[in-house]
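Visitor: I should like a close look at a single part of this model, namely the sheet and what packs on it. Please describe how the strands are arranged.

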Amino acid sequence: MHHDHHLIYPLLSAVVAIFGSWTALDLFRRARSQDGQTRFQWIGLSALAMGVSIWSMHFVAMLGFNPGAPVSYDPGRTVGSLLLAVAGTAFAFTFAGGPNARLQRQLGGGALMGISVGGMHYLGMSAIRSTVQISYHPLWVTASVVVAFLASFAALVAVRRNSRASWQAGAAVLLGAGVVAMHYTAMGAVVLTADLTPHAAPGMPPLWLAFAVAGLTLLLLFLALGASLLDQRQVLSMALRAGRLGYWEMDIPRRRLSLSEQARGLMGFAPEDPFEQAMMPSLMTVESAARRQAALDRSINDGMDYEVDYELLDGRWLEVRGLMILDGAGRPQRLVGTIQDVTAHRIAFQALARSEARQRILINELNHRVKNTLATVLSIATLTARRSDDVQAFAKAFQARLLSLSATHNLLTAEGWQQARLSDIFRAEFGHYNDDQVVLEGEEVLLGSENVLTLGLIAHELATNAAKYGALSRPEGRVEVRWRIAGDTLSIEWREHGGPPVRQPERKGFGSRLIASSATGSEFRYPETGFEADITLRLFERQAEMPELPMPALAGL
């Protein structure tokens, strides 16, 4: 007896086999990138897809099997063949699916899959009930199993070697074509003989088998789509977690807001805490609540995307972005978007704004002070030249005064050009004298930069005069400096003792002119016991700490 196949069935079986192989290998590739229980779940899905595709391919091809007599199928063996294909493929994928599986394990996996494919075929063939008997040529049976092994091994190697879609497509075509080739090689081993029994045992009609094949093929399709969506969802979830982003969604007609676990955490809710949209305004400041409601109303009324920043009551800032989804008539249906904690960004932006403002102030202050310093140097040079008899005397006096000015600048530099202690100004001038020669008395006072520069020059002139002509020109001489502050006025008393006899000069020198032009008031006395001076300075307001600057407007506020 003979059997034949219509051409449409081999073509359909090949399509089912290749599509199923693509789905199974794609799931297998995803399984290899997972660990633990998740990996075994993906392997189970890939084995189910592979087993169903092999089984569906076999029985699609068998629908075209015409032995010349009516055919039915034993339900138990038919289902058993499906379970054998799924179980064998699961073992094969598990054996060869490790991240470091070597060639030996890939050979073992190919062998397991080849045996399961062959076993499924011959168990499915044994489910046939007809008035003919089926037997096989042993050589062709062996050839069919070898074909199944080679196709399985080649597909496993290809899909492991490269994860690109082109390699996966090639592996799917190779495996699908191999399974189809195995089937028709095995069908070539079939030998039909007439059965001596008058009637075949009852079984499942081919029509019901066709329904089962169609149902499982649809299952395979949905399995592929579901796995792809699940994988994309997992990847998206991991990406959101990596970026510390929460996901939210609002049903516009129902005004129902739902938050992901990460979003609930950002809003200050535990996963099990109850939540509804009406609670949102109570979590944020009054200004943020009003801004949120205005942005939400504008987005819904105009069908626009949603973009706003919230300030929560605990001081944190959240950046919320949403994409508006419209229906076919252009009506708003859903808002979906992300929520992110941007507190650190806002703090950094505020610090940057303060830094830039401070830099502008410092640059302007530097320009101002450079001009003032140059003017002071020019004045010192001019007045020193008038009182100098020769170049050497001018150079010596001018250098000393510049060094004094430099020392005062050093004091200001140490304090960021904001302020300096009054006592430090005098110590800078008297640093090389013994403590019993100089007495400084007065409260600790911080002077602004303008007062520091002025007092530095005054202290230098007084100290230089005392060293050259006054009390400090003798070892037993003594200088007493006392100061006090009343309101915005600084009063300084300068007293010298133990120096040479003092007499009033016939004309004013550079020091006297400098002090008179710099101070608010000055009085010089020349008793025989020692030079005395009373000087008053108006205190300028010190440079305050940099104030908090208003936060510039940001997009979305």
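Guide: The description below starts with the basis of the model and then turns to the sheet. This is a predicted model, in which local features need pLDDT of at least 70 and side-chain atom pairs count only at pLDDT 80 or more, while totals for chains, interfaces and linings use all residues. Residues are numbered from 1 along each chain as its sequence is written, and side-chain values use heavy atoms, with hydrogens and water left out.

An open sheet is formed by 5 strands in the order β6-β5-β9-β8-β7, with antiparallel pairing. Strands here are DSSP runs (E, at least two residues), as helices are (H or I, at least four), numbered from the N terminus; two strands pair if DSSP finds at least two bridges between them. The edges are held by β6 (256-259) and β7 (306-311); each has a single partner strand, so one side of each is left without a neighbour in the sheet. On average, neighbouring strands of this sheet are turned by 20 degrees against each other, direction ignored. Axes are lines fitted to C-alpha atoms, for helices over the stretch in contact, and angles run from 0 to 180 degrees between N-to-C directions.

At the β6 edge, strand β5 (residues 245-251) pairs with β6 in the antiparallel sense over 4 bridges. Within this pairing, Trp248 stands opposite Leu259 in β6. Helix α9 (residues 286-302) packs on the sheet, where the helix touches β5, β7, β8 (317-326) and β9 (332-341); contact means heavy atoms within 4.5 Å. The direction of α9 makes about 170 degrees with that of β7.
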